[in-house]
Amino acid sequence: MSAVIKTPEEIEKMRVAGRLAADVLEMIEPHVVPGITTDELNTICHDYIVNVQDAVPAPLNYHGFPKSICTSVNHVICHGIPNDKALKEGDSVNIDITVIKDGYHGDTSKMFHVGTPNIQGKRLAEVTQESLYLAIKMVKPGVRLGDIGAAIQKYAESFNYSIVREYCGHGIGSEFHEEPQVMHYGKAGTGETLKAGMCLTIEPMVNAGKRQCKLLKDDWTVVTKDRSLSAQWEHTLLVTENGVEILTLRSDDTIDRIIEH
C-alpha cells in the first residue's frame with residue numbers, strides 16, 4: 001500500500017473537512033473550564049458536528065470507540081475516552097477531533113489548559129507545538145519522512161522530553177488512516193518521500209518523563225508508564241507543488257496556512 005495522491009476534487013473536500021475540524025476546536029474552547037466533565041465536552045462537540053456542521057464524528061464507533069472525540073487529560077497520551085470526571089484547575093487536556101464531510105476526513109488536536117495553567121504542563125505543550133510547527137515547515141515534495149521524524153525527536157529531546165514511539169501520524173483522505181505512517185522520531189534520509197497531492201497528519205506525542213507508555217484495560221486509553229505529563233498537537237496537511245498547506249489551521253495558530261519553499 002502506498003500513499004494516495006489526491007485529485008483536485010478530493011483536495012477540495014479535504015479542505016472543507018479540515019476547516020470543519022478546526023472549527024470544532026475553536027467552538028469548544030470557552031467550554032474547557034474547571035468543573036466541566038469530558039463527557040459534557042463530548043456531547044457539545046457531537047451536537048455541533050452533527051447538527052451545525054451536518055457532518056459525522058469519525059471516532060464514534062470506529063473499531064468500537066464509544067465517543068465522538070478523544071479527551072486525553074494530564075498523563076494520558078492519546079485516545080482518552082470522555083467520562084464523567086470533572087476537569088480541575090491546572091489540568092491540561094488534549095482534545096482530538098476528526099470529522100467526516102462528504103466522505104473525507106479532517107483530523108486535528110490541540111492542548112487546552114484548564115483555569116490557570118500548570119507551569120510544567122504549559123511548557124510541555126509549548127515545546128510540543130513548536131516541534132509540530134518545525135516539522136510542518138519542512139514539508140514539501142522530495143522530503144523524506146525520516147527527516148521530519150528526526151527533526152521532531154531532536155527538538156523535543158533537547159528539552160529532556162521524550163517522544164512516544166508506539167503511535168504516529170498517518171495518511172488521511174476517504175479513509176481515517178491511510179499510508180504512510182508518519183513517525184515522530186527516526187533517522188534523516190530514510191523513509192517514504194513526500195509527493196505533491198499527499199495528505200497526512202503530523203501529531204507528535206511528547207512526554208515530560210520517559211517515553212514508555214501503557215494501554216489501559218478499556219483497550220483505548222494510552223498513559224505514560226511513569227505518570228508524567230504528556231502533550232500532543234495535530235494538523236492535517238496537504239503536500240503542495242512547492243511546500244505545504246495546513247488544512248486544519250485555527251485562528252489561534254501562529255503559523256501560516258500556506259508555506260512555500
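Reader: In β12, which residue is the bridge partner of K214?
Author: This is a predicted model. In it, β11 covers 213-215, and β12 covers residues 222-224. The two strands pair in the antiparallel sense over three bridges. Within that pairing, the partner of K214 in β12 is V223.

Reader: What is the strand order of the open sheet that holds β11 and β12?
Author: That sheet has three strands, with antiparallel pairing. Its edge strands are β3 (76-78) and β11 (213-215), and each of them pairs on one side only. From one strand to the next, the twist averages 40°. The order is β3-β12-β11.

Reader: Which strands are the edges of the open sheet with the order β6-β10-β13?
Author: This open sheet also has three strands and antiparallel pairing. An edge strand here pairs on one side only. The edges are β6 (162-163) and β13 (230-232).

Reader: Which residue in β13 stands opposite N207?
Author: N207 falls in β10, which spans residues 205-207. Three bridges join β10 to β13, and the two run antiparallel. Opposite N207 in β13 stands S230.

Reader: α3 packs on this sheet; what angle does its direction make with that of β13?
Author: Strand β13 (230-232) is an edge of the sheet. Helix α3 touches β10 and β13 there. The direction of α3 makes an angle with that of β13 of about 35°.

Reader: How are α3 and α4 oriented to each other?
Author: Helix α3 covers residues 119-136 and helix α4 covers residues 145-157. Their axes lie 9 Å apart, and the packing angle is about 150°. Angles over 145 degrees count as roughly antiparallel. The two helices are therefore roughly antiparallel.

Reader: Which residues in α4 meet α3?
Author: α3 passes α4 in a right-handed crossing. From α3, the contact uses V127, E130, S131, L134 and A135. Across from them, α4 supplies I148, A151, I152, Y155 and A156.

Reader: How do the residues of the contact of α3 with α4 divide by class?
Author: S131 and E130 of α3 take part. Ser counts as polar and Glu as charged. The full division is eight nonpolar, one polar and one charged.

Reader: How are α1 and α2 oriented to each other?
Author: Helix α1 spans residues 8-28, and helix α2 spans residues 38-52. They pack at about 135°, with axes 10 Å apart. That angle is not over 145 degrees, the cut-off for roughly antiparallel, and it is outside 65 to 115, the range for roughly perpendicular. α1 and α2 are therefore oblique.

Reader: How many nonpolar residues does the contact of α1 with α2 have?
Author: α1 passes α2 in a right-handed crossing. The contact is made by D23, V24, M27 and I28 of α1, with L41, I44, C45, Y48 and I49 of α2. By class, no polar residue and one charged residue take part. The nonpolar count is eight.

Reader: Which residue in β8 stands opposite G171?
Author: Strand β7 runs over residues 169-171, and strand β8 over residues 178-182. Three bridges join these antiparallel strands. A hairpin through six residues connects them. Opposite G171 stands E178.

Reader: Is the peptide bond from E179 to P180 cis or trans?
Author: Most peptide bonds are trans. P180 is found in strand β8. The bond from E179 to P180 has an omega near 0°, and it is cis.

Reader: What is the phi of D54?
Author: D54 lies in the loop between α2 and β1 (56-57). Most residues other than glycine have a negative phi. D54 is not a glycine, yet its phi is positive, at about 55°.

Reader: How far apart do the end C-alpha atoms of residues 12-241 lie?
Author: The UniProt annotation "domain: Peptidase M24", from an unreviewed entry, covers residues 12-241. This span is 27% helix and 26% strand. Its end C-alpha atoms lie apart by 16 Å.

How values were computed: Residues are numbered from 1 along each chain as its sequence is written. This is a predicted model: local features need pLDDT of at least 70, side-chain atom pairs count only at pLDDT 80 or more; totals for chains, interfaces and linings use all residues. Side-chain values use heavy atoms; hydrogens and water are left out. UniProt positions are given in the numbering used here, feature names are shortened, and annotations may be inferred rather than shown by experiment. Helices (H or I, at least four residues) and strands (E, at least two) are DSSP runs, numbered from the N terminus. Two strands pair if DSSP finds at least two bridges between them. Axes are lines fitted to C-alpha atoms, for helices over the stretch in contact, and angles run from 0 to 180 degrees between N-to-C directions. Angles under 35 degrees count as roughly parallel, over 145 as roughly antiparallel, 65 to 115 as roughly perpendicular and the rest as oblique. A crossing is left-handed if the near helix is turned anticlockwise from the far one by less than a right angle, and right-handed if clockwise. Contact means heavy atoms within 4.5 Å.
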